[in-house]
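Let's work through a few short exercises together. Keep the sequence and the 3D view beside you, and try each task before you read its solution.

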Amino acid sequence: MENVIIVIILLVIAISVISYLVRAKKRGEKCIGCPSSKQCSGKCGKDCSCESHKK
């Protein structure tokens, strides 16, 4: 019974993460982990033009 509960909890977490990613993509966010994702060029990392990535 404990295994079933653990599996259900993991499925709920996975489904909520996937639904968040799908909704973020529908809103037009290119870099979902970027705080400036709507203004971001979509190249997060070294070459990102976001002010939040420059230090």
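**Exercise 1. Find the element that holds Val-17, then decide whether Val-17 is buried, partly exposed or exposed.**

Solution. Start with the place: in this predicted model, Val-17 sits in helix α1, which covers residues 2–26. Next, take its relative accessible area, which is 45%. Buried means under 20% and exposed means over 50%. The value of 45% lies in between, so Val-17 is partly exposed.

**Exercise 2. Do the same for Tyr-20, and then list its contacts beyond four places in sequence.**

Solution. Tyr-20 also belongs to helix α1. Its relative accessible area is 39%, so Tyr-20 counts as partly exposed. Leaving out residues up to four places away, Tyr-20 touches Arg-27 and Ile-32. Now look at Ile-32: it comes twelve residues from Tyr-20 along the chain, and the two C-alpha atoms are 9.6 Å apart.

**Exercise 3. Check whether the length of α1 agrees with its number of residues.**

Solution. Count the residues of α1: there are 25. The expected span is 1.5 Å times one less than that number, so α1 should span 36 Å. The end C-alpha atoms are 36 Å apart, which agrees. Just after α1, Gly-28 has a positive phi of about 95°.

**Exercise 4. Describe the nonpolar surface patch and the protein as a whole.**

Solution. Begin with the patch: its members include Met-1, Leu-10, Val-17 and Tyr-20, and together the patch residues have about 1,200 Å² of accessible area. Then step back to the protein, which has one helix and zero strands. Of its 55 residues, 15% are buried. Finally, the accessible surface comes to about 4,700 Å², and carbon and sulfur atoms account for 64% of it.

Methods: Residues numbered from 1 in each chain as written. Predicted model: local features only at pLDDT ≥ 70, side-chain atom pairs only at ≥ 80, totals over all residues. Heavy atoms only, no water. Patch = residues over 30% accessible without salt bridge, like charges linked within 9 Å, V, L, I, M, F, W, Y side chains within 5 Å. Areas by Shrake-Rupley, 256 points an atom, 1.4 Å probe, with all protein chains shown as cover. Salt bridge = Lys/Arg side-chain N within 4 Å of Asp/Glu carboxyl O. Helix = DSSP H or I, 4+ residues; strand = E, 2+ residues; numbered from the N terminus. Buried < 20%, exposed > 50% of the residue type's maximum accessible area, 1.4 Å probe, protein only. Contact = heavy atoms within 4.5 Å.
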